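Colleague: Please take a close look at the ligand surroundings in this model and set out what lines them.

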Amino acid sequence: MSVLVTGGLGYIGSHTCVELMNSGVDVVVLDNLYNCKKSSYDRIKALVGKDFKFYECDIRDREGMSKVFENEDIDSVIHFAGLKAVGESVQKPLEYFDNNVNGTLVLLDVMRQYGCKKIVFSSSATVYGMNNVSPLKEDMEVGGVTNPYGRTKYMIECILKDLYTSDNSWSICLLRYFNPIGAHKSGTMGEDPNGIPNNLMPFITQVAIGKREKLNVFGNDYATKDGTGIRDYIHVVDLALGHVKAVEKVRGEEGLFIYNLGTGVGYSVLDVVKAFEKASGVTIPYEICPRRAGDIAICYSDPHKALTELNWKAERGLEEMCEDSWRWQSQNPDGYPD
Ligand code: NAD
Ligand code: WQD
């Protein structure tokens with residue numbers, strides 16, 4: 001029995017594949033290579049020391065998806081595949097709804113056709129929207145989302161909830177990630193953004209390596225200790241281990257489960273800059289700029305439900321996140337090879 005990992009060559013997917021295989025779970029990986037390099041496959045393979053199946057396929061390709069289920073013994077799916085750039089989603093809403101929402105509908109329909117009813121879905125803290133106050137808890141109302149990307153996550157959560165209501169023999173786990181950063185300890189796997197990074201940590205590491213002149217800090221007039229935004233940064237390997245637990249859950253029990261994957265601790269932008277400087281020994285020049293549209297002041301999780309029900313908690317602190325991000329960036333200044 002294998003777990004199908006859609007988007008499995010991307011940032012979070014690749015780290016999850018390593019932790020799954022290290023814990024004895026067989027995986028089949030699928031990706032359309034839209035936002036990753038094929039060499040990510042070789043890096044995963046080198047780390048786990050064994051071969052595994054990879055399909056270059058788009059989740060919207062019904063025929064291609066059916067072939068995967070036809071050929072492989074798949075009992076559950078971890079669904080990472082999706083587009084994730086908030087700003088781009090505002091420019092290209094149709095592409096985002098097609099890829100993320102339509103893609104998920106095709107995946108679910110093919111799963112149903114092959115009797116596979118266990119899925120772990122990559123949701124996001126963004127579904128909590130603008131109106132909830134941190135620490136964010138799973139039973140808070142979701143949906144006050146401000147951009148098309150976030151709306152695709154919210155819509156997919158709604159679809160999965162409706163699917164479970166229609167057929168209780170599904171086992172569905174919605175994982176709401178906070179801010180994943182960091183990289184594999186080996187320095188051989190990490191985040192490899194295309195173009196100008198949207199997110200804080202890859203921007204910082206690109207300043208540190210000399211690809212960008214300075215960091216733009218988006219606002220220092222929020223109601224926080226130093227005026228900059230506060231987020232719940234989580235090490236990508238902790239996040240990956242959360243998926244190992246979530247797969248155990250859906251394999252063991254029918255139901256609809258929702259968990260935050262975060263640390264429960266919030267750090268400001270300037271905290272992250274300082275921690276990164278300490279970990280790397282490199283000074284990060286920065287400039288205070290206007291707020292970024294759509295940002296909120298404070299966002300961090302209440303992570304207790306995942307501890308109680310999955311026996312999972314994040315173990316790696318900010319220092320380790322910074323050290324590992326820096327090791328990846330400094331050993332791979334241009335990311336994964338072509
Ligand atoms: P990523 O872009 O590195 O990985 C996504 C992978 O999916 C890529 O390898 C891409 O090529 C693939 N993909 C995209 N569309 C596809 C399609 N139609 N068919 C097949 N493959 C497709 O992103 P990531 O950071 O690893 O994120 C993984 C998931 O987690 C995404 O769904 C994302 O929305 C979600 N998420 C990410 C974050 C974050 O900050 N990184 C936070 C919350 C949620
Ligand atoms: C973190 C903090 C910025 C860049 C996004 C998505 C969210 C989820 C995770 C997918 C904020 C500040 C950033 C920069 C800065 N993704 N910042 N200068 O916005 O919390 O979340 O990624 O689901 O949906 O919205 O993460 O890393 O972009 O920003 O000052 O160049 O860093 O204002 O306070 P965010 P981020």
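Modeller: What follows describes the two ligand shells, then one residue in a loop. This is a predicted model, in which local features need pLDDT of at least 70, side-chain atom pairs count only at pLDDT 80 or more, and totals for chains, interfaces and linings use all residues. Residues are numbered from 1 along each chain as its sequence is written, chains are lettered from A and ligands numbered from 1 in the order in which they are written, and side-chain values use heavy atoms, with hydrogens and water left out.

Ligand 1 is surrounded by 25 residues (a residue is near a molecule if one of its heavy atoms lies within 4 Å of it). The closest are Asp-31, Asn-35, Phe-80, Lys-84 and Tyr-149. By class, this shell holds 12 nonpolar, 9 polar and 4 charged residues (Ala, Val, Leu, Ile, Met, Phe, Trp, Tyr, Cys and Pro count as nonpolar, Asp, Glu, Lys and Arg as charged, and the others, Gly among them, as polar). At least two shell residues come from each of α1 (11-22), β5 (118-124) and α6 (148-166) (helices, H or I, have at least four residues and strands, E, at least two; both are DSSP runs numbered from the N terminus). The largest share, 3 residues, is that of β5.

Among the atom pairs at ligand 1, a polar side-chain atom of Asn-99 is 2.9 Å from a ligand nitrogen atom. A polar backbone atom of Ile-59 lies 3.0 Å from a nitrogen atom of ligand 1, and one of Gly-10 lies 3.4 Å from an oxygen atom of ligand 1. Ligand 1 taken alone exposes 820 Å², and the protein buries 96% of that (accessible areas by the Shrake-Rupley method with a 1.4 Å probe).

Around ligand 2 there are 18 residues, the closest being Tyr-149, Asn-216, Arg-231, Arg-292 and Asp-295. They divide into 8 nonpolar, 7 polar and 3 charged. Strand β8 (residues 215-218) gives the largest share, 4 residues. A polar side-chain atom of Tyr-149 is 2.5 Å from an oxygen atom of ligand 2, and a polar side-chain atom of Asn-179 is 3.0 Å from an oxygen atom of ligand 2. At Asn-216, a backbone N or O atom lies 2.7 Å from a nitrogen atom of ligand 2. Alone, ligand 2 exposes 680 Å², of which the protein buries 87%.

Ala-183 sits in the loop between β7 (179-181) and α7 (200-208). Ala-183 is buried, with a relative accessible area of 0% (buried means under 20%).

Key: A polar contact is a pair of N or O atoms within 3.5 Å; within protein, one must be able to donate a hydrogen and the other to accept it, and residues adjacent in sequence count only if both atoms are side-chain atoms. Buried means under 20% relative accessible area, exposed over 50%, partly exposed in between (1.4 Å probe, protein chains only).
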